[in-house]
Amino acid sequence: MSLNNYIDLRSDTLTIPTSTMREAMANAIVGDDVFGEDPTINKLQEMAAERVGQEAGLFVSSGTMGNLVAMLTHCQRGDEMIVGDQAHIYIYEAGSSAAVGGIHPRSVPNQADGTLKIEDIKAVIRSQDDHFPITRLITLENTHNRMGGTVLTPAYTRAVAEFAHGHAIKLHIDGARIFNAAVALNVDVKQLTQDADSVTFCLSKGLGAPVGSVLCGSREFIRLARRRRKMIGGGMRQGGILAAAGIVALEQMVDRLREDHANACLLAEGIAGIPGLRVNIATVQSNMVYFELEPDVPFDATELCRRAGQHRVKVLPTGPRRIRAVTHCWVTREEIAEAVQALGQCVNE
Ligand code: TLP
């Protein structure tokens with residue numbers, strides 16, 4: 001089950017397509033998507049929009065592209081966007097809102113559960129004054145990657161959407177792992193997405209497809225977003241080859257995310273029992289486990305990851321003493337037990 005003979009827990013982006021996906025890809029009926037004529041892409045876009053309770057969808061190459069196209073569609077140059085200070089959009093997307101869109105990011109602190117406090121959002125909304133940019137957009141992230149894969153609830157999402165709309169501000173959700181959130185909460189994913197003005201989700205993370213994300217929103221929003229996607233070179237041509245795997249991902253890979261979450265719990269419990277490692281179990285709500293080296297461990301996260309590699313386990317340093325492990329469909333329960341054992345050995349070598 002492992003990837004290239006490793007128990008590779010660095011990310012769920014490392015998942016490779018299943019044999020059903022490869023078969024669907026080989027048999028996909030394709031056309032030119034820039035003409036709107038790829039039937040497989042069209043089918044995926046309709047399925048995706050229906051699943052998340054939005055009117056229309058747009059296939060994009062990545063979560064990063066989906067977020068950028070959303071920001072470009074909601075905002076004009078010089079507008080401001082409110083974003084969590086630990087958000088993927090803010091930290092890991094090469095400053096695209098500013099670099100490509102001329103959009104000014106205004107960060108507010110992410111809470112330990114991944115939320116933004118509504119009072120913090122309220123405090124940074126700009127008043128009407130020629131000195132200020134115009135606050136146009138709020139972005140949320142669900143699940144929240146850097147806060148530990150934490151899950152935002154339907155009630156919280158609805159509250160932020162109502163607040164945003166009350167101030168004539170749009171809400172975008174970076175839902176790279178929104179299906180993990182839905183499965184963790186045992187709710188229909190619509191409850192996490194239908195109140196937003198746009199949402200992106202990734203097919204190529206825990207859902208296992210090789211490439212692609214879908215941006216969803218109203219019909220008019222997606223019409224405008226298509227133009228922004230074109231502008232940044234994202235026309236998908238015969239991308240139905242990829243969309244075919246995305247359809248399988250939506251049909252077959254969502255419910256099984258439960259296994260990844262159970263494995264993440266098992267991993268976290270195992271790590272909690274290793275002297276020298278510290279893990280905050282409360283944040284382990286989906287398929288991620290972040291853990292830290294205790295202060296008395298005489299080496300850093302990079303060294304721990306190097307040692308783990310020698311035991312056929314790959315984990316990712318995300319800070320000087322912070323490490324991330326992500327469970328996914330190519331890691332079995334037995335391999336989780338093996339990984340815990342290996343990590344224990346690494347700390348004591
Ligand atoms: N995250 C990747 C890395 O970029 C950190 C990972 O391994 O977790 N939103 C969120 C919340 C994400 O975690 C990611 C990818 C993206 C967007 C971007 O998706 P891609 O990689 O498809 O551009």
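In the predicted model, the side chain of Lys 205 places an N or O atom 2.8 Å from an oxygen atom of the ligand. Of the area of 510 Å² that the ligand exposes when taken alone, the protein buries 82%. Two further contacts to ligand oxygen atoms involve residues of helix H3, which spans residues 63-74. At Gly 63, the contact is made by a backbone N or O atom, which lies 2.9 Å from an oxygen atom of the ligand. At Thr 64, by contrast, a polar side-chain atom is involved, and the distance to an oxygen atom of the ligand is 2.6 Å.

The shell around the ligand comprises 15 residues. Lys 205 and Thr 64 are among the closest of these, together with Ser 11, His 88 and Asp 174. With three residues, helix H3 is the element that gives the most to this shell. In terms of residue class, eight members of the shell are polar and six are charged, while one is nonpolar. Residues of the shell come from both domain 1 (7-13 + 256-348) and domain 2 (19-252), and the ligand therefore lies between the two domains.

The model also contains an open sheet of seven strands, in which the pairing is mixed. The strands follow one another in the order S2-S8-S7-S6-S5-S3-S4. Strand S2 (56-60) and strand S4 (104-108) form the edges of this sheet, each pairing on one side only. From one strand to the next, the twist averages 20°. At the S2 edge, the neighbouring strand is S8 (residues 213-217), which runs antiparallel to S2 and is joined to S2 by five bridges. One bridge partnership between these strands links Ala 56 with Gly 217 of S8.

A further open sheet has four strands, arranged in the order S9-S10-S13-S12 with antiparallel pairing. Its edge strands are S9 (277-279) and S12 (316-317), each of which pairs on one side only. Strand S12 is joined by two bridges to strand S13 (residues 322-326), and the two run antiparallel. Within this pair, Pro 317 has Ile 323 of S13 as its bridge partner.

Two features of backbone geometry occur in loops. The peptide bond between Asn 142 and Thr 143 is cis, with omega at about 0°. Thr 143 belongs to the loop that connects strand S5 (135-141) with helix H7 (154-166); strand S5 is itself a member of the sheet of seven strands, where S5 stands between S6 and S3 in the strand order. The second feature concerns Ala 94, which has a positive phi of about 55° although this residue is not a glycine. Ala 94 is located in the loop between helix H4 (88-91) and helix H5 (96-101). Helix H4 begins at residue 88, and His 88 is one of the closest residues to the ligand.

Technical notes. Residues are numbered from 1 along each chain as its sequence is written. This is a predicted model: local features need pLDDT of at least 70, side-chain atom pairs count only at pLDDT 80 or more; totals for chains, interfaces and linings use all residues. Side-chain values use heavy atoms; hydrogens and water are left out. A residue is near a molecule or strand if one of its heavy atoms lies within 4 Å of it. A polar contact is a pair of N or O atoms within 3.5 Å; within protein, one must be able to donate a hydrogen and the other to accept it, and residues adjacent in sequence count only if both atoms are side-chain atoms. Accessible areas come from the Shrake-Rupley method with a 1.4 Å probe; for residues, only the protein chains shown count as cover. Ala, Val, Leu, Ile, Met, Phe, Trp, Tyr, Cys and Pro count as nonpolar, Asp, Glu, Lys and Arg as charged, and the others, Gly among them, as polar. Domain bounds come from an automatic or database domain assignment. Two strands pair if DSSP finds at least two bridges between them. Axes are lines fitted to C-alpha atoms, for helices over the stretch in contact, and angles run from 0 to 180 degrees between N-to-C directions.
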